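This report describes the overall form of a single chain and then turns to its nonpolar interior.

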Amino acid sequence: MASSLPSTSATPVPAPYGSWPSPVDAALAASHDGRPEYVGTVGDEVWWTEPRPAEGGRRALVRRSAEGEITTVLPAPWNARSRVVEYGGQPWAGVARDGGGPLVVFVHFDDQRLYAYAPDGPDAPWPLTPLSAVGGGLRWADPRIHPDRGEVWCVLEEFTGEGPADVRRVVAAVPLDGSAATDRAAVRELSDDRHRFVTGPRLSHDGQRAAWIAWDHPRMPWDGTVVMLAEVTHEGAFTGVRPLVGGVDESVCQVEWDRDGSLLFVSDVDDWWQVRRVRPDAVAEGSAPAVPLCPGRDEEFGGPLWKIGLRWFQQLDNGLIAVLHGRGTTRLGVLDPESGELVDAAGPWTAWAETLAVQGDRVIGVAASPYTGYEVVELDTATGRARTIGAPHTDPVDPAYYPRPEERTFTGPRGRDVHALVHPPRNPGHTGPEGELPPYVVWAHGGPTSRVPLALDLEVAYFTSRGIGVVEVNYGGSTGYGRAYRERLREQWGVVDVEDCAAVAEALAAEGSADRERLAIRGGSAGGWTTAASLTGTDLYACGAISYPILDLTGWAAGETHDFESQYLESLVGPLAEVPDRYRDRSPLTRADRLRVPFLLLQGLDDVICPPVQCERFLAAIEGRGIPHAYLAFAGESHGFRLMSTLIRSLEAELSLYAQTFGIDGVDVPVLELTR
């Protein structure tokens with residue numbers, strides 16, 4: 001902590017907003033980027049993945065023994081991360097072998113092969129799947145090990161050509177004996193490729209049935225999915241494959257088998273993602289529709305399936321169901337499926353990642369609060385006690401420098417609600433001068449079918465502790481508020497999101513919380529789109545920071561992105577063949593002549609989702625117009641930054657942009673060179 005920082009017990013000293021000394025520097029914020037993911041159990045141990053920004057941005061696989069000892073399973077450079085649909089999904093599975101210690105299978109990011117590893121044995125990980133020269137390799141996700149069959153069942157993504165749409169996905173079985181490592185033919189395909197997208201199969205407790213989720217273009221998984229059901233033969237083949245529930249206007253995001261042969265699943269058929277039960281035999285007879293297990297609650301018990309194998313519920317051995325639920329914020333609860341009674345776990349956590357595991361009467365998840373980062377949490381349902389068991393939050397600085405978020409609902413155009421998290425400037429040693437209002441930055445989240453969690457984020461603290469306010473807007477189209485709120489963005493992308501962000505910023509200025517002349521906007525991916533669309537479509541903001549964005553809708557829809565989102569714009573904007581003018585008119589690229597304010601553009605050079613060509617085209621469109629700007633492109637970065645050096649450089653550049661634009665002196669970062 002710098003010696004110039006005042007004691008937190010001292011009377012706050014007035015100083016210009018944005019100039020306050022802060023111990024939350026870019027290196028500190030970068031070192032806490034990311035969160036633990038994909039919890040699971042292996043025997044009596046708990047395992048998960050966690051980020052390592054200082055180790056090339058890899059995802060490490062970590063285990064916690066029954067005695068509480070935490071160790072890293074895979075040393076660098078092993079990287080447990082899948083690239084299926086580019087966003088990946090569940091990258092590992094493990095089993096406890098009688099007398100032989102644990103066996104784990106995992107996807108290694110660099111070559112996307114599936115590997116097996118016995119961490120208590122002498123051997124290094126060995127490959128289970130072959131390499132492929134087409135499309136960056138065969139890819140795997142959402143594995144389940146079936147030792148009795150000597151196989152791991154998972155999703156196989158196979159590229160058949162060099163184009164992003166030259167791809168097929170099936171449910172597949174990979175031998176654990178390593179025979180498929182050099183022989184693609186040894187991989188058994190369990191499903192055909194009738195569907196464009198699939199999740200990993202769930203095998204019923206009696207081993208006679210399997211279920212998985214599937215969907216097709218142009219739908220995204222939050223638009224409409226179907227649950228597929230198959231009978232499993234003694235040899236492990238799928239027969240009688242048929243749809244069970246779901247449809248074009250119903251999103252099912254998770255399926256699991258109950259011990260009685262019924263299927264538990266999460267569906268939004270009644271506007272909210274809700275846990276339901278269906279009996280396959282009754283459906284076959286044309287009776288007994290799916291039954292909601294916790295009716296009458298306008299809350300989400302599921303979410304958008306951006307990654308393969310996310311888990312919002314898990315059944316305990318006693319039949320109770322651990323669920324993640326909430327409206328905006330998220331809580332962990334235990335649901336009695338017979339009575340519908342739901343009891344929430346005590347604790348400070350307000351945000352839970354989409355991953356749950358159970359072990360006896362214990363539930364394990366990943367959670368955060370407004371004052372703690374994401375950590376691995378265990379709930380003992382027998383005692384009701386919850387505790388942190390892994391990746392524990394520690395305060396690297398005095399918590400007095402953390403923001404204190406305010407959940408607020410603003411009024412948007414035509415009287416619609418707009419939800420947001422407001423983070424006013426906060427520093428124990430400083431306050432703003434009398435009569436001065438703070439600058440504010442509107443943060444537009446990515447997705448856009450996503451939302452901002454109520455959780456401590458040191459990137460937010462990086463700005464608020466210096467005297468720059470942050471407001472994170474869950475604009476129309478965000479998840480967590482029901483399907484109707486989510487579908488406000490249908491064919492309105494670039495309109496509703498821009499209007500809602502502007503309405504929140506205008507409201508903060510009107511109430512005297514923010515300086516109207518010093519408003520900025522920032523975002524990455526879809527948030528980068530909203531930022532660029534706002535800068536070229538309104539006169540509200542003084543500057544903006546745009547990260548790995550979409551800037552040219554027509555180009556993006558015509559093959560400049562990956563397969564998963566290649567037809568996303570059909571719902572967000574409309575069918576390209578029917579409304580080509582809408583694609584052109586809304587694109588920041590074709591509105592570049594309206595840009596009047598400074599901006600920062602950040603891009604990963606390995607990004608196949610929002611490729612660099614979009615930025616290059618935009619920069620060419622503003623060339624010679626005298627708009628102050630900076631373009632920072634990072635080798636080795638894809639969609640979303642992971643390298644420590646990139647994270648530091650990006651944050652410092654963004655702060656410098658605001659300092660120069662807002663007239664803030666004494667900012668402790670290198671000056672960002674703006675060209676015209």
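In this predicted model, the chain has 676 residues and a radius of gyration of 25 Å, which agrees with the value near 26 Å for a compact globule of that length. The C-alpha trace spans about 75 × 60 × 50 Å along its principal axes. Eleven helices and 39 strands make up the secondary structure of the chain.

Some chain-wide values are listed below.

| Property of the chain | Value |
|---|---|
| Share of the 676 residues that count as buried | 61% |
| Share of contacts with a separation of 6 or more that join residues 24 or more positions apart | 59% |
| Share of the exposed area of about 24,300 Å² supplied by carbon and sulfur atoms | 48% |

As for charge, the chain carries 60 positive and 94 negative charges, and the mean positions of the two sets are 1 Å apart.

The interior can be described through its nonpolar cores. The largest of them holds 116 residues, and the members that touch the most others are Phe238, Val471, Trp493, Tyr541 and Phe599. Helix 5, residues 496-510, contributes the largest share of this core, with seven residues. Another core, of 40 residues, lies apart from it and includes Ala29, Ala30, Val441 and Leu672.

Phe599 also illustrates how such a residue is surrounded. Neighbours within four places in sequence left aside, Phe599 is in contact with Leu535, Gly544 and Ile546, with Phe618, Leu619 and Ile622, with Ile627, Pro628, His629 and Ala630, and with Leu657.

Conventions:
Residues numbered from 1 in each chain as written. Predicted model: local features only at pLDDT ≥ 70, side-chain atom pairs only at ≥ 80, totals over all residues. Heavy atoms only, no water. Helix = DSSP H or I, 4+ residues; strand = E, 2+ residues; numbered from the N terminus. Rg over C-alpha atoms; globule rule 2.2 N^0.38 Å. Buried < 20%, exposed > 50% of the residue type's maximum accessible area, 1.4 Å probe, protein only. Contact = heavy atoms within 4.5 Å. Areas by Shrake-Rupley, 256 points an atom, 1.4 Å probe, with all protein chains shown as cover. Lys, Arg positive; Asp, Glu negative; His and termini not counted. Charge placed at Lys NZ, Arg CZ, Asp CG, Glu CD. Core = buried A, V, L, I, M, F, W, Y, C linked by side-chain atoms within 4.5 Å.
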